[in-house]
Amino acid sequence: MSRIVEALKETATGITNTAKIADLQRNTIDPANTPAKGQATDFGVYISDTDNWLKATEGTTTGPSLLEDHIAREKVSRFDHERIPERVIHARGTGAHGYFKVYDDRAAKYTHAKVLTDASRETPVFVRFSTVQGPRGSADTVRDVRGFAVKFYTEEGNWDIVGNDIPIFFIQDAMKFPDLVHAVKPEPHNDVPTGQSAHNNFWDYVGLQPEASHMIMWVMSDRGIPRSLRMMQGFGVNTWTLHNDKNERFFVKFIWTPELGVHSFVWDEALKLCGQDPDFHRKDLQEAIENGAYPKWKFGIQVLPESREHEFDFDILDATKVWPVEQVPIEYIGEMVLNRMVDEYFPEVEQVAFCTSHVVPGIGFSDDPLLQGRNFSYFDTQISRLGINWQELPINRPLCPVLNNHRDGKSRHKITKGTINYWPNRKGVLAPVPHHQGGYAEYAQKVEGMKQRVRGAKFQEHYSQAQLFYNSLAPHEKAHLKNAIGFELDHCDDPDVYKHYTKILNNVDFDLAKEIAHKVGGIVPDAPARPNHGKTSALLSQTDFMPDEPTIKTRRIAILAADGFNGPEVLAIRAALKAGGATTWLIGPRRGKVYPAGQKVGEGEGMTADHHFEAQRSTMFDALIIPSGTEHAASLAKDGRIVHWVREAFGHCKAIGAIGEGVTFIRDACALPGVELQPAPNSEVVLSSYGVVTTGKYDAPAAPGELFKIAKSE
Ligand code: HDD
């Protein structure tokens, strides 16, 4: 019997991809389905009054409240202690359950880890996405690195890949981490800014740490403002190792690539959403999962045998470097699907705790100095956040049985029978498990050297890959990156900071440095600090990650409709978009009934608008459609909010569809001089180079997605 089946025999679910859900059920209470008659104290006595503190009172007077009221004290005291320390970084997050499986055993040549080689398994996972800088209550769409932490509940124990959406990191050595975090977090004197790296201290620090220059390129690129958590890559970042049955060791990088492609906001959209809908990303994840559009990622590995370690012009243990795919191709070996949101945020998302040191047999560490330090830091931080028994919390406990001689500590849940809590013991209980029976075996690595505070020679080069990344971007991505750095340096008011950073940029690219220096009042260089090698590499630009077939799956499409819109047209469009996997939202002058042409306002059957014009913004949607209808188009044209909506969507390069009179409205709203946006006289669909799709009439159910073939980011 497998270890997990044994552990879960109470629920009799066995090892399925839902085994963790079954495990959590042991601690889950459904108030709708409990024998409890109503509210009780924590010690189980029913409460008759939850609103009035016990008082010494007479007649109609209100006397003093009595300390004796332990029921009131319990209620208030429990409330007083509801918060735990938020994560020192990555405090803002959201999470979901799912499963992981490999396609086949092709990775067996590298590792004996069953989770990576046994295709009959579907390993339950829990994933937490996060931003880095902001506190728990900060906005989702800030420019920042996104955390992408995956906990695999394997039969051999928990394995955590605590990764980010960017494949590299700011620093090479873990000892620098507290400085990096202090520098990026709000400044100590005024606790400003929230959820932003646009301030003196951050740019001062990275300006004095040239090893951060590559990471700065990534964070200032569109990767720093993902459209959705479902549309970003994930990376283990550090170099790990795999070991196979022949006792061979390989260096490895882990990569998640989303099925829907990699997409981002434009900066203006992201900025506005911070205020308009600060929960945009977490709601987006929830909406997709609840609609059954389960986010999916392919899981890839880049593998190097030990013999190739020194073959590269960078050190493969340096976390500020990618392994270019031309030199080390990605092998996709499996996939992960997220299919269930949490039941309650705090016990699951807030209490989940990851550790880079959590690996299972067949997977190990390398000498990557960032990873080595992380292996200390994560376990340590969980003790201060959750207490020493944090691994007993339902979301963190492994699915396989866990027995050992660890005992006691605050909030111990387990009760272990027996007289023995040490090894060796006279009864031979709780013996260590030999390697051949599944005990973790460290790879026998030869270690020698001088004890010194240094990093290897190849760790000293910092600009080559920053250039590689910059050179590999598409022109629009370069433009976005320049705007982002321009924005951030403009928010630094200390000339020492922004002037110095423009000097750093000149090591990456002369034109980039010149343009930004001009913009922000930096030092305009008259010659490059070093030549740009001109090399490019694949899979760095997001444009290399469009889905194989253009898709509108899970895209949010707003249909703006005032009274008098063309009803059958809207029905047909909604049906076609739904068939393509998009969600449509009818936005009208009021929530509730909006009346198509032919129906009297207030009397007809109407169509239900999901929202009203004032309550939503174009930033909350990927695309918009204006149907035909004379009165409707005339009303839209009079509404400043709608005119702004359309202009804004146009400015953000969103896909816009318009039909009949809707076309005229869009043309006038966007005031597009010289742009021909006349509807064709028939149902011919015309796509302008601006991404606006127009037609004279729309009466046939279009092929799914026909109207929205243009990828938003183009
Ligand atoms: Fe870290 C949290 C990712 C370097 C120390 N880190 C944390 C989380 C992610 C990462 C995704 C949030 C986990 C969650 O959702 O609970 N960190 C990374 C990546 C790094 C990295 C990809 C570079 C490769 N981190 C790093 C270093 C150190 C830490 C070098 C310390 C020396 N990280 C922490 C931490 C946190 C953390 C302080 C805060 C909360 C937590 O661990 O659980 O220990």
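This section describes a mixed sheet, a helix packed on that sheet, and a separate helix pair in a predicted model.

The sheet is open and comprises seven strands with mixed pairing, arranged in the order E15-E12-E11-E16-E17-E19-E18. Strands E15 (611-612) and E18 (685-687) form its edges, each pairing on one side only. Within the sheet, strand E11 (residues 556-560) and strand E16 (residues 623-626) run in the parallel sense and are paired over three bridges. Isoleucine 557 has alanine 623 of E16 as its bridge partner. Helix H19 (residues 661-670) packs on the sheet, where contacts are made with E16, strand E17 (655-659) and strand E19 (692-695). The direction of H19 makes about 130° with that of E17.

Cysteine 670 lies in helix H19. This cysteine is classed as buried because 20 other C-beta atoms lie within 10 Å, and a residue counts as buried at 20 or more. When residues up to four places away in sequence are not counted, cysteine 670 touches Val646, Arg647 and Phe650. Histidine 81 is separated from cysteine 670 by 589 residues in sequence, and the C-alpha to C-alpha distance between the two is 53 Å.

In helix H8 (residues 267-276), the buried residues are Glu269, Ala270, Leu273 and Cys274. These residues lie on the same side of H8, because they cover an arc of only 145° around the axis. The partner against which the buried residues of H8 pack is helix H9 (280-290).

Note on methods:
Residues are numbered from 1 along each chain as its sequence is written. This is a predicted model: local features need pLDDT of at least 70, side-chain atom pairs count only at pLDDT 80 or more; totals for chains, interfaces and linings use all residues. A residue is buried if 20 or more other C-beta atoms lie within 10 Å of its own, exposed if 12 or fewer, and partly exposed in between; C-beta atoms are placed from the backbone. Helices (H or I, at least four residues) and strands (E, at least two) are DSSP runs, numbered from the N terminus. The arc is that of the directions from the helix axis to the C-beta atoms. Two residues are in contact if their C-beta atoms, placed from the backbone, lie within 7 Å. Two strands pair if DSSP finds at least two bridges between them. Axes are lines fitted to C-alpha atoms, for helices over the stretch in contact, and angles run from 0 to 180 degrees between N-to-C directions.
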